[in-house]
Every structure is written in C-alpha cells, then in structure tokens.
Amino acid sequence: MDITDSDVLNVAPGTSPETLLDKAADACWTHVPDVELTVFDHHGATFLFDASSRRDRTVMAMRKTETPDVARDVTYQRGYPLPDRPAGRRQDRGHFIPYTAGGTFGPNLYVQDRALNRGWS
C-alpha cells in the first residue's frame with residue numbers, strides 16, 4: 001500500500017488519546033477492510049494492534065513520555081528475533097516509543113534497517 005499525504009492523520013495539538021485511536025482505526029478500516037484491530041495497554045503505553053493472521057503488527061503506539069525508572073532489559077531485547085539479512089543489510093530492533101521516553105519491549109519493538117536506525121544512511 002502506498003502512503004500519500006492524504007493518509008497522514010491530521011490532528012490538532014491537544015487531541016485526546018481516544019480521538020487519536022478512533023482516527024487511526026478509521027484510517028485502517030478505510031485501507032484494509034479485513035483488519036482485526038484491538039487496543040491494549042502495556043507498561044503505560046497504549047497500542048492499536050492488527051491481530052489478523054496475515055499481518056500481526058502494531059499500527060499505532062502512544063504514551064506520555066517519562067524517564068524510565070528501571071534499567072533496560074538487554075537480555076530480552078537481544079532475544080527478540082531478527083530476520084536474516086534482507087537484501088544483504090543488517091537489522092536492528094527498533095522501538096516505536098524510545099526507551100528513554102518510557103518505552104518498553106514486547107509490542108513496542110519492530111525490525112528496522114540498522115543503517116537507518118543508527119543514522120548511517
């Protein structure tokens with residue numbers, strides 16, 4: 001699916017989290033009619049997740065930013081599976097919400113091109 005400027009959610013500053021979730025869900029249903037959306041909270045973040053068997057992916061993640069009060073669990077992060085090098089490029093574990101803003105693991109992680117993640121591209 002190609003993303004265009006008209007697909008970007010335009011919301012006013014101060015828009016409530018509930019309105020953001022509704023707008024994101026509406027946008028998903030517009031483009032992917034068979035989407036199976038669920039909303040859940042995980043360690044202070046709210047996730048809109050597509051649980052369909054074909055996709056199984058995080059659609060949106062949001063959280064009020066906070067400095068973490070616990071050390072990063074590097075063992076868990078290292079155990080997050082990475083695919084073999086697509087197109088010969090190495091991969092990293094990206095975060096929808098950065099650890100330094102209170103993001104954790106689980107649904108907050110995704111596979112990301114290493115050069116992009118580390119600013120080498």
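How many bridges join strand β1 (residues 37–42) to β2, and do the two strands run parallel or antiparallel? In this predicted model, six bridges join β1 to β2, and the two strands run antiparallel.

## Strands and hairpins

The pairing continues on to a further strand, since β2 (residues 45–50) is also joined to β3 (residues 57–62), here by five bridges and again in an antiparallel arrangement. Individual residue pairs can be followed across these strands: T38 has F49 of β2 as its bridge partner, and F49 in turn stands opposite T58 in β3. A little further along β2, F47 has A61 of β3 as its bridge partner.

The two connections between these strands can be set side by side, as each of them forms a hairpin containing a residue with a positive phi.

| Hairpin | Residues between the strands | Residue with positive phi | Phi |
|---|---|---|---|
| β1 and β2 | two residues | H43 | near 50° |
| β2 and β3 | six residues | D56 | about 45° |

## Burial of β2 and the nonpolar core

Strand β2 is mostly covered, with six of its six residues buried. The covering applies to both faces of the strand, for A45, F47 and F49 are buried on one side, while T46, L48 and D50 are buried on the other.

One residue of β2, L48, belongs to the largest nonpolar core of the model, whose six residues are L21, A24, A25, L48, M60 and M62. Helix α1 (17–31) and strand β3 each supply at least two residues of this core, and α1 gives the most to it, with three residues. In soluble globular proteins, nonpolar side chains tend to be buried together. Within this core, L21 touches L48, M60 and M62, and the contacts of L21 also include V39 and T46, when residues up to four places away in sequence are not counted.

## Cavity and pocket

The structure holds one cavity of 30 Å³ or more, and the largest cavity has a volume of about 40 Å³. Its lining is made up of H42, H43, A45, F47, R63, I97, G102, G103, T104 and N108. H43, named above for its positive phi in the hairpin of β1 and β2, is thus found again in the lining of the cavity, as are A45 and F47, which lie on one side of β2. Sorted by class, the cavity lining has three nonpolar, six polar and one charged residues.

The second largest pocket has a volume of about 210 Å³. It is lined by 15 residues, of which P68, D69, V70, G102 and T104 are the closest to its centre. By class, this lining is divided into five nonpolar, five polar and five charged residues. G102 and T104, which are among the residues closest to the centre of the pocket, also appear in the lining of the largest cavity.

## R114 in helix α3

Is R114, a charged residue, buried or exposed? R114 lies in helix α3 (residues 114–117), and it counts as buried because its relative accessibility is 15%, whereas the cut-off for burial is under 20%. Leaving aside residues up to four places away in sequence, R114 touches R90, Q91, D92 and W120.

Conventions: Residues are numbered from 1 along each chain as its sequence is written. This is a predicted model: local features need pLDDT of at least 70, side-chain atom pairs count only at pLDDT 80 or more; totals for chains, interfaces and linings use all residues. Side-chain values use heavy atoms; hydrogens and water are left out. On a 1 Å grid over the protein atoms alone, a cavity is a set of points where a 1.4 Å probe fits but cannot get out, and a pocket is an open set with protein on both sides within 12 Å along at least five of seven lines; lining residues have an atom within 4 Å of a point. Grid points are joined across faces, edges and corners, and a volume is the space filled by probe spheres set on the points. Ala, Val, Leu, Ile, Met, Phe, Trp, Tyr, Cys and Pro count as nonpolar, Asp, Glu, Lys and Arg as charged, and the others, Gly among them, as polar. Two strands pair if DSSP finds at least two bridges between them. Helices (H or I, at least four residues) and strands (E, at least two) are DSSP runs, numbered from the N terminus. A nonpolar core is a set of buried Ala, Val, Leu, Ile, Met, Phe, Trp, Tyr and Cys residues joined through side-chain atoms within 4.5 Å. Buried means under 20% relative accessible area, exposed over 50%, partly exposed in between (1.4 Å probe, protein chains only). Contact means heavy atoms within 4.5 Å.
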